[in-house]
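Take a look at the model below. The report starts with a pair of helices, then turns to the ligand and the whole chain.

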Amino acid sequence: MGDLLNLDLEQKAVGVREQLLAALRDHGRVVYSNSLGAEAMVLTDIIWTHVPEIDIFSIDTGRLPQETYDLMEKLERRYKRSLHLVFPDAQALQQLVSAQGINGFYHSLDARLACCRVRKVEPFKRAIQGYTAWVTGVRREQSAARAQAQPVEWDAEHGLYKVSPLLDWSETEIWQYIRARKLPYNSLHDRQFPSIGCFPCTRAIQPGESRRAGRWWWEQPESRECGLHPRVRHAAAQA
Ligand code: SF4
């Protein structure tokens, strides 16, 4: 691990590695769903450097910011590996856009969830097929819903285990790790975008706002998940 990591962080990073190795040992086929956020830079670094048996994929919804594509290229260059991208089903996407319009996700919660379903949830379900556990970079600090998460949980929604090795990392620690290891990261983070998703559904946050306030900002806080972490029970989000 990098010389510039302080001892506490070094130990936490070793702990993440151990959790990932335990996931491989206990569950066999493990895949990491790489969101390309700040936490993802830490997990990508640990997996591609130390636990390459874990497969990694990212979902290209077709509506990502240019900065996210630039980041993908930086990752590919640094680690000399191709990032496995998963795309929405072309026919389902065509039907969605025909039915709700190119920016129809702004029109209602149901329309937004339908868009997330086609562009994120269905590709995610396809990408995890054949795996027995998936890794996520969620942290307890990120939202009230995520505060209840456990390091290893049965994900009944998707039928496999969900492993969250960064749960007790603070945002400061994530950034300490990124800086110490000189990792690439999304340049939007430097412009008050702590949480980055699709470009039309993400905005910068104002001082004092929660870090997820810029995601689907026009909705009530309870509905602001895309369906991949369906701890918040909303009928349409479960599909
Ligand atoms: S975040 Fe917005 S554009 Fe992206 S899939 Fe969800 S609704 Fe569609």
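In this predicted model, helix α4 passes helix α5 in a left-handed crossing. Helix α4 covers residues 90-100, and helix α5 covers residues 109-127. They pack at an angle of about 165 degrees. Their axes lie 10 Å apart. Angles over 145 degrees count as roughly antiparallel, and α4 and α5 are therefore roughly antiparallel to each other.

Which residues of α4 and α5 meet? From α4 come Ala92, Leu93, Leu96 and Gln100. From α5 come Ala111, Ala114, Cys115, Val118 and Glu122. This contact of α4 with α5 divides into 7 nonpolar residues, 1 polar and 1 charged.

Now the ligand. How many residues surround the ligand? There are 13 of them. The closest are Cys115, Cys116, Arg119, Cys198 and Cys201. Cys115 also belongs to the α5 side of the helix contact.

The table sets out the make-up of both groups of residues.

| Group | Nonpolar | Polar | Charged |
|---|---|---|---|
| Contact of α4 with α5 | 7 residues | 1 residue | 1 residue |
| Shell around the ligand | 7 residues | 2 residues | 4 residues |

Next, the whole protein chain. Its secondary structure comes to 6 helices and 6 strands. From the N terminus on, the elements run α-β-α-β-α-β-α-α-β-β-β-α.

The C-alpha atoms of the protein chain fill a box of roughly 55 × 40 × 35 Å, taken along the principal axes. With 239 residues, a compact globule would have a radius of gyration near 18 Å. The protein chain has 17 Å, which agrees.

Note on methods: Residues numbered from 1 in each chain as written. Predicted model: local features only at pLDDT ≥ 70, side-chain atom pairs only at ≥ 80, totals over all residues. Axes fitted to C-alpha atoms, helices over the stretch in contact; angles between N-to-C directions. Helix = DSSP H or I, 4+ residues; strand = E, 2+ residues; numbered from the N terminus. Parallel < 35°, antiparallel > 145°, perpendicular 65-115°, else oblique. Left-handed = near helix turned anticlockwise from the far one by under 90°. Contact = placed C-beta atoms within 7 Å. Nonpolar A, V, L, I, M, F, W, Y, C, P; charged D, E, K, R; others polar. Near = placed C-beta within 6 Å. Rg over C-alpha atoms; globule rule 2.2 N^0.38 Å.
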